[in-house]
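Trainee: Got a minute to go through this one with me? I'd like to start with the ligand and then look at some strands.

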Amino acid sequence: MEKYIINGGKKLSGEIAVAGAKNMALKVFPAAILCSEPCLLKNVPEIEDVQRLIELMTDLGAKITHNTKGEYLVSAKGINKTQLKPDLVKNLRASIMLAGPILARFGEVTLAHPGGCMIGQRPIDLFIEGFQKMGALMEENGETYTLRTKKLKGADIILPRVSVTVTENLMMAATLAEGVTTIKNAAMEPEIVALAEFLNQQGAKIKGVGTPDIIIEGVKELRGGEATIIPDRIECGTFIIMGLMTKSQLKITDCEPRHIENLLYSLDKAGAKLEVGKDYIITHPSNLKGVDIVTHEYPGFPTDLQAPFTVLMTQANGLSLIHETIFPGRLFYTDILNQLGANIIMCDPHRVVVMGPTKLYAKKLTSPDLRAGMALILAAMVAEGTSSIENIYQINRGYENIVTKLQQIGADIKQISE
Ligand code: EPZ
């Protein structure tokens, strides 16, 4: 069993570079299926989720060459199957991202319910509804869904709630549909804007991305091309919080500060001393006070930074109300923080109140999911004593080479197998 061993209390120093965004990479690989020629993808994070997606696409017949670190050549020409391998789908929520491109390109796709973090039941009703509006027929047999269509048709789609992957999936499918598709109440994440820019370079006709109303005019086919994955704003925010928690001067490089303006606003309100450059941020030791946050779709406070921010608030002076509006199951990790010595009261599944500062003490821990797992690393880095964290696959899903990167800035962390 692989686990992390962390000795808390160490100050950090030096520089840490932000990797390519997981939540863009997991969409650009499927987008390459829409293209009739190979696509070159650069600055791809070397993380487990990307490897799982590559396994899934290779199983379908795609040819994916790993040219060098972070660079992949994807050719979908050889795809000869439209059934996604169930056991691979179970490991990866983002496997749903293959549905739209395969349906649009081959007229049929079969998938089991996708897995991923257990942060709420993660339904796929909005995906199915959207594809049906575009003319696909859905057949449900037990655990799997098959969607079929002669040719997807443009449709006017209103999303009853904002969904990142639904927006991306329907946008990708619509690029090859007959006619015009509109998506109202679309998600506006930077990764979606970057995905649309990539598709438009290949000949797609997407307008309005980054606003709630996206318009896609279907085209016959898309060329091949090149995409560079944008910096991972969640990893960037996590490293800033890491620097502040350990009261360190830490430089975070290769990042895009304008993608985390809402986090920077809350950190500023908490009294964080930060130097913000064009593509870097430097943290300075700061005396923080508790501030309230409400997670919200972009450009609101990102739900993926809620757990790291909550851990930071255990070290801030005073009260903070953390309101998680997106996922019902995304605050249960606070129970583990209380076992470390934090003082957090759960008001309801969507709200906790944190009372700080509290001393944290090392413990044997298990990572519940990707982002909470990273939050436990943060907690262990300030806790007194030696902590261990199991189920680290959950963390390696989304953070590239994390042990080496943290060791290089002075963290006392190592990975052992017992
Ligand atoms: C994406 O998940 C991200 N994952 C998540 O990051 C991120 O937390 C989330 O967006 C919100 O920002 C990827 O991009 C791979 P949603 P997604 O659809 O698209 C409900 C991480 O840690 N919903 O925006 O799955 C859903 O239950 C991950 O990197 C339906 O009801 O999230 C949720 O409550 C975690 N029906 C809400 O929408 C559907 O068919 C928003 O979820 C689909 C979603």
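**Ligand site and strands**

Mentor: Sure. The shell around the ligand draws at least three residues from each of domain 1 (2–18 + 231–417) and domain 2 (22–228), with bounds taken from an automatic or database domain assignment. Keep in mind that this is a predicted model: local features need pLDDT of at least 70, side-chain atom pairs count only at pLDDT 80 or more, and totals for chains, interfaces and linings use all residues. Residues are numbered from 1 along each chain as its sequence is written, and side-chain values use heavy atoms, with hydrogens and water left out.

Trainee: How many residues surround the ligand, and which are the closest?

Mentor: There are 24, counting a residue if one of its heavy atoms lies within 4 Å of the ligand. The closest are Lys-27, Asp-125, Ser-163, Thr-165 and Asp-304.

Trainee: How do the shell residues divide into nonpolar, polar and charged?

Mentor: Eleven are nonpolar, four polar and nine charged. Here Ala, Val, Leu, Ile, Met, Phe, Trp, Tyr, Cys and Pro count as nonpolar, Asp, Glu, Lys and Arg as charged, and the others, Gly among them, as polar.

Trainee: And which polar side-chain atoms lie by a ligand oxygen?

Mentor: One from Thr-165 sits 2.5 Å from an oxygen atom of the ligand, and one from Arg-371 is 2.8 Å from a ligand oxygen. A polar contact here is a pair of N or O atoms within 3.5 Å. As for cover, the ligand taken alone exposes 820 Å², and the protein buries 93% of that, using the Shrake-Rupley method with a 1.4 Å probe.

Trainee: OK, strands now. How do strand 4 and strand 5 pair?

Mentor: Strand 4 (residues 63–68) and strand 5 (residues 71–75) are antiparallel, over five bridges. Strands are DSSP runs of E, at least two residues, and helices are H or I runs of at least four, numbered from the N terminus; two strands pair if DSSP finds at least two bridges between them. Thr-65 stands opposite Leu-73 in strand 5.

Trainee: What's in the turn?

Mentor: The two strands form a hairpin with two residues between them, and Gly-70 in the turn has a positive phi of about 85°.

Trainee: How many aromatic pairs are there?

Mentor: Two, where rings of Phe, Tyr and Trp (its six-membered ring) pair if their centres lie within 6.5 Å; planes under 30 degrees apart are stacked, over 60 edge-to-face, and the rest tilted. Phe-29 and Tyr-72 have ring centres 5.5 Å apart and planes at 70°, so that pair is edge-to-face. Phe-29 is in helix 1 and Tyr-72 in strand 5, 43 residues apart.

Definitions and conventions
Polar contact = N/O pair within 3.5 Å; in protein donor to acceptor, adjacent residues only side chain to side chain.
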